[in-house]
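Reader: I am new to this structure and would like to learn how to read it. Could you take me through it feature by feature?

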Amino acid sequence: MPIYEFECCKCKTVYEQLMKVDERYDVLECPSCGAKKPKKLATAFRTHAWSTFLDNMEKKISPHKFK
Ligand SMILES: [Zn+2]
């Protein structure tokens, strides 16, 4: 599951969120002010290989999530 970074449209707080690829992110709430519809940021330092690695780790830890 990839990690995305979002920037609050109101207070500009940047926060990270684990998201499924097809999961809606406009309902996410800013941890600082509670505003929704954050702006999705490009996360250059999180490569696809790293996401795959995390996915594999999660499959080992909690295989019931991947039925
Ligand atoms: Zn905010």
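Author: We can start with a single residue and its surroundings. This is a predicted model, and Glu 29 counts as partly exposed because 13 C-beta neighbours lie inside 10 Å. The class of partly exposed falls between the cut-offs, which are 20 or more for buried and 12 or fewer for exposed.

Reader: Where does Glu 29 lie in the chain?

Author: Glu 29 is in the loop between β2 and β3. Leaving aside neighbours within four places in sequence, Glu 29 is in contact with Gly 34 and Lys 36. Its C-alpha atom is also separated by 8.4 Å from that of Cys 8, although the two residues are 21 apart along the chain.

Reader: How should I read the confidence of the model?

Author: Begin with the general caution: where pLDDT is low, the predicted coordinates should not be read in detail. Here the protein chain averages a pLDDT of 84, and 87% of the residues score at least 70.

Reader: Which element has the lowest mean pLDDT, and which the highest?

Author: Helix α1, residues 48–61, has the lowest mean at 81, while β3 has the highest at 91.

Reader: How many helices and strands does the protein chain have?

Author: The secondary structure comes to one helix and three strands. Read from the N terminus, the order of elements is β-β-β-α.

Reader: How do the strands fit together?

Author: The general idea is that strands of a sheet pair through backbone hydrogen bonds, either parallel or antiparallel. In this model three strands form an open sheet in the order β2-β1-β3, with antiparallel pairing. The edge strands are β2 and β3, each of which pairs on one side only. From one strand to the next, the twist averages 40°.

Reader: How many bridges join β1 to β2?

Author: Five bridges join β1 to β2, residues 14–18, and the two strands run antiparallel. The bridge partners can be followed residue by residue. Ile 3 has Leu 18 as its partner in β2, Tyr 4 has Gln 17, and Glu 5 has Glu 16.

Reader: What about the other side of β1?

Author: There β1 pairs with β3, residues 39–41, in the antiparallel sense over three bridges. Glu 5 stands opposite Leu 41 in β3. Glu 5 therefore has a partner in each neighbouring strand, Glu 16 in β2 and Leu 41 in β3.

Reader: What links β1 to β2 in sequence?

Author: The two strands form a hairpin with six residues between them. Lys 12 is in that turn, and its phi is near 65°, a positive value in a residue other than glycine.

Reader: Is Lys 12 buried or exposed?

Author: Lys 12 counts as exposed, because it has 11 C-beta neighbours inside 10 Å. The cut-off for exposed is 12 or fewer.

Reader: Where else should I look for a positive phi?

Author: Look at Lys 37, in the loop between β2 and β3. Its phi is near 55°, again a positive value in a residue other than glycine. Lys 37 is partly exposed, because 14 other C-beta atoms lie within 10 Å.

Reader: What can be said about the start of the chain?

Author: Pro 2 lies in the segment before β1, which covers residues 3–7. With 17 other C-beta atoms within 10 Å, Pro 2 is partly exposed. Pro 2 and Phe 53 are 51 residues apart in sequence, yet their C-alpha atoms are 10.0 Å apart in space.

Reader: How does burial look over the whole chain?

Author: Of the 67 residues of the protein chain, 6% count as buried.

Reader: And how do contacts spread along the sequence?

Author: Take the contacts between residues at least 6 apart in sequence. Among these, 41% join residues at least 24 apart.

How values were computed
Residues numbered from 1 in each chain as written. Predicted model: local features only at pLDDT ≥ 70, side-chain atom pairs only at ≥ 80, totals over all residues. Helix = DSSP H or I, 4+ residues; strand = E, 2+ residues; numbered from the N terminus. pLDDT = per-residue confidence, 0-100. Contact = placed C-beta atoms within 7 Å. Axes fitted to C-alpha atoms, helices over the stretch in contact; angles between N-to-C directions.
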